[in-house]
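Here is a quick tour for anyone meeting this structure for the first time. Let's see how its parts touch one another.

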Amino acid sequence: MKNTLFLLTAALLGSAGAQKVTLDLWAHWGSEQRRPTINRIIDTWNKKNPNIQVKYTFVPFDQLPTKTLAAIAAKNPPDVVVIDIRTTTLRAAKNQASNLSKLGADKLQNQFYPNLWSTATYKGDQYGLPFVTDSRFLYYNKDLFKEVGLNPAKPPTTWAELEADAKKLDKKTGPVYQRIGFHPLYGSFGLESWVSNAGGSMWDEDRVNPRFANPTAVKTLTWIKDWTDRLGARNVQAFKSSFGSGAQDPFISGKLGMIIDIGGYAATLKKYAPNLNYGMVRIPTPTGQPGPGTSSGGGFNLEVPVGTKHPKEAFAFARWMATEGARIWAQEQNDFPGAKNASLSVTSPAFRMMSANMKYTEVTPAPPYAPSYGTLLDKATEDTVYRGQDPKQALEEANTQVQRLVNSNK
Amino acid sequence: MSRASSPPLPRRQSLNGRQREALWGYLFIAPWLIGFLCFVLGPMLFSLYASFTNYDITSRFDWVGVRNYVQLLTQDSRFWKALSNTAYYAVFAVPLGIATGLLIALLLNQEVRGQRLFRTIFFLPKVLTGVAVLLLWLWVFNPQVGLINTALYRLGVNENNLPLWFSDPAWSKPALIIMSMWAAAGGFMFYLAALKGVPRDLYESAQIDGASPWRQFWAVTVPLISPVIFFKLITGISGAMQFWSESLILTKGGPSDSTLFYGLYIWQTAFTDLRMGYASAMAWILLLITLAITGLQLWFSRRWVHYEGEVR
Amino acid sequence: MALSRPEVQVRPRPLRTGGPRRVGGLKLGRLLAFAALVALSLMVLYPALWMVSTSLKPDAQVFAYPPRWIPDPVMWGNYAKAWASAPFTRYAVNSLLYAVSVTFGTVLSCSLAAYGFSKLRFPGRDFLFLVMLSTMMIPGLVTMVPQYVLFSKLGWINTYLPLVVPSFFAGAFFTFLLRQYFMGVPNELLEAARMDGANELWIWGRVMLPLTTPALATVAIFTFDGAWNDYVNPLLYLNDERLYTLQVGLASFRSANDTQWQLLMAASVLVLLPVLLIFFVFQKYFIEGASLTGSVKG
C-alpha cells in the first residue's frame, strides 16, 4: 500500500515536472566485484541527467537472452540491454533490436574499434553499440619453459614452433601424460578460430552461407587431428574432461604448459595463482605474421530493444554508456572497452597488449540464419579429432546441415 | 478450509444422488479446470497453432501448413538422433530411478536406528539443485581424480579402460543416468508415505502364513504402493522425455551429439535459432508420443495397480 | 470402524516352527538394512561434502590439483563474505514468502481436485483426467512465451502473481499424486460419513485429509522445496531486484568468465540449510503423522 502511494506520488510529480523518464537497464553484472562499478556508472549518469533516470537490474548471464526475448514479445522490454556481441545481427534481423542509425548512431562509428562496430551492423544500419570485448592470447608457463630447456624469453610465434615447444613440454610416465605442453582445442579457441588464425574463413563473403569444407579449414582440422593422434585421442580427451568445468584449471596447476585464453585471464591468474610465473603473447600463426583473424574475441553490445517507450532517451544513455561509461568500466574492471578512447586511461600491461591486439582480433557474429551452427561444427571437429572421421567428409556433412538450416530460415 | 458447514447447493431437492455427486465432482475439480482454461489451455493451443507456422516470436508468423512436421520426420537427422538419445535415457533412468527411491524407502521402513538422520540425508538430493550442484558432478565423473573412476581403478579396472564419461559418446548418457538416480533418491518420500499406509497387521498375518520376505514384498507391499509406483512411472517418463537442462549445462549436447536430448534440441531450435514454429511442432510430436505411452500404461495399469478405494 | 483388508493372496500354509530363528533373521535384516543405508548415504553425501569443502577454501586452493578435501587454512569467513555480498536476507524473506504461499496453494487446490478425480463420479471425468495429464507432457519451452505474454497483458509482470496464482489452480503433477493416495482410502469410510449426512466438502476436510497427512506433507515439502529452489520463474517474471529470491542471489556469484566458487558454494550451503533443517525437524509429522492403521473415528 505504501509502495503504491509512493509510486502514485512519484508519477504525479513526474508528470508535473519536465517529461521525466525512467529507463530500465538490464545486464548480467551482479557479483560483488562488478556491482560497485555499474552502480557508479549509473549514479554518474543519473546525477547529470535528472530527467532521464536509469534503473539497473541484474539479470544472470544464462537467463538474460530468454528474459529479454519474452519481454520483447510481450512488448514491454527494458530500454537498454547489455547482451552478447555475437548475436546482435540476429536480433536485428528478427526485429528485436532497434535500428540505431535512425537515432543518429552512424556518426559515432569512428569512436569504436571497427571489428566491434561491424558486429552490430546489419544491412548497412547499426543495431547496437559495442561496450566491452576481449581478445585472446597465448599464456605460457615460464618456469616450465626453463625446466625443459626452452628460453622463456622466446615464446613460439609460428604453428611449427608452437608444436615443437609443446612437444618438449609434454611429460609422460608410462602411457600416461602427467603434463601436456599444449593442445589446439584446450582453452577457448575452437576450430573456427584456428581457421581464421590461418587466414581463412568458414563462410562466404557475406557470412550467410557456410563454406566449411574449404581447403584452409580442412588443412587446419587435419593439423589438429595430427596433433591429437600424436598424443593419443584418449589421452587428450581424458585430460580435457578432467578440466572441463571451469572449476578446475589445468594451466594454474601446471598440467598444461601453454593455453589460449582471454586477456582477462591475467586477472584470474593474479587472484588464484599469484605466484605463477607466466608470459602472455600473441597467438602463433602458421607463418608467424599476424593477420586480422589471428586472435578471436567476444563481448557485449548495448542494444535498445524494439518496443521501448523511450527510444531517444535510451539511445542517449546507451551512447554515453558505450563511451563515458565504458571509460569508468575499463578503469575498474578487466574488460576491454569497445570505444577506443575509453581504453586510453588504463595503462596496465594487459590492457596495452589488448589494445595493440585489437587489429588482429576477429569478432565473428553468429550468422543470422543459422545461429546454432556451432554445435554442428563442434560435432564435426570431435568426430574427426577423437573418432577418426575424415576431416573433409566431416566438414562437408556439417556444411550440408548448416546449409539446410540457412535455407529454411532465410 | 475445512469449514464444516455445507455451502448451499442450488436446487438441491430436484437433484438425484448421481447428479449431486457429479455437481460436487465438478466443484472439486474446478480449481484445476479454471486454471487450465485461464492459464494453460491458451498457451498450449497457441503453440499448436504456431507449429503450423514459421513463427520466430518477433518478426514472422505465417502459416506454412504441415511443412515443419514433414521436415522433422523426413529430413531432420538430428530429430531422430535426439529422439533415440531421449528414448535411451528414459528406458534406463525411469526404472532405475524408481528402483532407487523404492529401495531407500524400503530400507528406511525397517525401523533402523538413526531414521531421522537417514531420511534427512536422502532428502538432500532434492534440496541440492542448481548449476553449482551440477558442476559438482563434473568432479564426481572426472576421469582422472573423480570418485567413480578412482573406485573403478581400485577395483582393478585398467587405467586405459576407465570410462571417460562426459567426453565419450558411449559413456555420456550413462553418466547422466547415474546422476538421475542420485536425484531420484529423494523420491523415497513418495513410497515411504505409501508404505506407512500399509497396515502392519497385514505383514504379520502374511508372516504367520509363512510368506518369505520376498513373497511378502510382492504380495503385500507392491500392491499397496502400486498407485505411487504407477504415478512415478507416468510422471517419470513424461519428465525423462523432456529432460534437457542438465545436458545443456554439463555437455551442451556433446560429445558428438550423444547428449542431444529432445528437450535440448527444442531449446536450441526455439531460443538459439529462434525457430519457435519448428520447435512447437517438435513439442507436439513429443506430447503425442508421451500421451500414447501414457495411454498404454493406463491400459496395463488395470492389471497391476491396486486401488484400495477406487470409484468407477 | 474396521478397515477392509486389501485382497492379498497369501495362501494359508501350516505354521512354520522356529520362531527364534525369525527373530534372529529380523535382527540380521535390520543390521543389513543399516549397513546398506550407511553405504547409500555416503554416495548421496559425497557431492554435498565436496560443496562444503570448497566453500571453506581460500582462493588459491580452489583450483588445487589433485583436489584436496581439507582446506588449509579453513576459511570460515567465506560464509559471512558470501552472505554480505548480496542482499541475501531480503532474498531469504522473499523466497520464504514465495515458497509458503505456493505450498499453501498447491496443497489446498491439488487436494480438492484430487478428491474430485478420485472419489466422485461425473461425466467426462476420465477424459478430463487425461487432459490434465497431457498438460504435463508439453515441454514448457514452447508455452513459455505465450504464457509470459498472457501474464503481461494481465499486468502481472514484476509481481509475484504469475508465480503464486497458478499454484492455487491445482497443477497436474501433485493432483495426480494425491489422487493416487486418495484412491487408496477405502470407500467405506466415506460412505459412513455420507450416511451420517455429511457433504463432500466436509468429508474431504474431516475424513480424507486427516487420513492422508503423510501424502499431503510429502506434497507440501516437495512444493516448498521446488519453490525455494526455483530459479528460472522468478527471474523471468520479476524485474525489480528487491523482489529477487535466494536462487537469483546465488547466480550473482557466477559470471561469464569468472565464477567465485568458494563464495558460491558457501552461499549454496547457507541456502539449502533451512530446507534441510525444516525437513529434519518436521519429518516425523510428514511420515508418521497418520496412517491408515491409526484409529479412525469417522
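## Where chain C meets chain B

Start at the interface of chain C and chain B, where the rule finds 1 salt bridge. Its partners are B:Glu21 and C:Arg121, whose side chains come together with N and O 3.2 Å apart. Keep in mind that this is a predicted model. Besides the salt bridge, there are 15 residue pairs in polar contact between chain C and chain B, both residues being at pLDDT 80 or more.

Which parts of chain C do the touching? Helices H1 (19-55), H4 (88-119), H5 (125-137), H6 (140-153), H8 (172-182), H10 (200-211), H11 (213-228) and H14 (261-288) of chain C each give two or more residues to the side that touches chain B. H1(C) gives the most, with 17 residues. Sort that side of chain C by class and you get 76 nonpolar, 22 polar and 16 charged residues.

## How much is buried there

In total, 114 residues of chain C are in contact with 120 residues of chain B. Between them, the two chains bury about 10,700 Å², and carbon and sulfur atoms account for 75% of it. On the chain C side, C:Arg121, C:Met137 and C:Leu141 lose the most area to chain B, though together they make up 7% of what that side buries. C:Arg121 should ring a bell: it's the residue that forms the salt bridge with B:Glu21.

## Where chain B meets chain A

Chain B also touches chain A, with 31 residues from chain B and 35 residues from chain A taking part. The area buried between these two is about 3,000 Å², and 50% of that comes from carbon and sulfur atoms.

What holds the salt-bridge spot here? The rule finds 1 salt bridge across the interface of chain B and chain A, and it joins the side chains of B:Asp56 and A:Lys94 at 3.2 Å, N to O. You'll also find 13 residue pairs in polar contact across this interface, both residues at pLDDT 80 or more. On the chain B side, helices H2 (67-74), H3 (77-108), H5 (131-140) and H12 (262-272) each supply at least two residues. H12(B) has the largest share, with 3 residues. By class, the side of chain B that touches chain A splits into 10 nonpolar, 13 polar and 8 charged residues.

## Inside chain B

Now for chain B by itself. It is divided into domain 1 (15-50) and domain 2 (66-304), and the C-alpha centres of the two are 31 Å apart. How many residues link them? In chain B, 4 residues of domain 1 are in contact with 6 residues of domain 2. These domains bury about 400 Å² between them, with 65% of it on carbon and sulfur atoms. The rule finds 0 salt bridges between domain 1 and domain 2 of chain B, but it does find 1 residue pair in polar contact, both at pLDDT 80 or more. The domain 1 side of this contact has 3 nonpolar residues, 1 polar and no charged.

There's a record to look at, too. An unreviewed UniProt entry places the feature "transmembrane region" at residues 21-46, 87-108, 120-140, 175-195, 216-244 and 281-300 of chain B. In the model, residues 21-46 of chain B are 100% helix, with their end C-alpha atoms 34 Å apart. Residues 87-108 of chain B are likewise 100% helix, and there the end C-alpha atoms lie 32 Å apart.

## Inside chain A

Chain A has two domains as well: domain 1 (9-134 + 298-362) and domain 2 (136-296 + 369-409). Their C-alpha centres lie 31 Å apart. Here 14 residues of domain 1 are in contact with 21 residues of domain 2, and about 1,400 Å² is buried between the two, 58% of it on carbon and sulfur atoms. A:Met353, A:Tyr360 and A:Glu362 supply 39% of the area that domain 1 buries against domain 2, more than any other three residues.

Between the two domains of chain A the rule finds 1 salt bridge. A:Asp134 and A:Arg136 form a salt bridge, with the closest N and O atoms 3.7 Å apart. The polar contacts between these domains come to 5 residue pairs, both residues at pLDDT 80 or more. Helix H13 (349-357) and strand E15 (361-362) of chain A each give two or more residues to the side of domain 1 that touches domain 2, and H13(A) has the largest share, with 4 residues.

Notes: Residues are numbered from 1 along each chain as its sequence is written. Chains are lettered from A and ligands numbered from 1 in the order in which they are written. This is a predicted model: local features need pLDDT of at least 70, side-chain atom pairs count only at pLDDT 80 or more; totals for chains, interfaces and linings use all residues. Side-chain values use heavy atoms; hydrogens and water are left out. Contact means heavy atoms within 4.5 Å. Buried area is the accessible area (1.4 Å probe) that two parts lose on being put together, summed over both. A salt bridge is a side-chain nitrogen of Lys or Arg within 4 Å of a carboxyl oxygen of Asp or Glu. A polar contact is a pair of N or O atoms within 3.5 Å; within protein, one must be able to donate a hydrogen and the other to accept it, and residues adjacent in sequence count only if both atoms are side-chain atoms. Ala, Val, Leu, Ile, Met, Phe, Trp, Tyr, Cys and Pro count as nonpolar, Asp, Glu, Lys and Arg as charged, and the others, Gly among them, as polar. Domain bounds come from an automatic or database domain assignment. UniProt positions are given in the numbering used here, feature names are shortened, and annotations may be inferred rather than shown by experiment.
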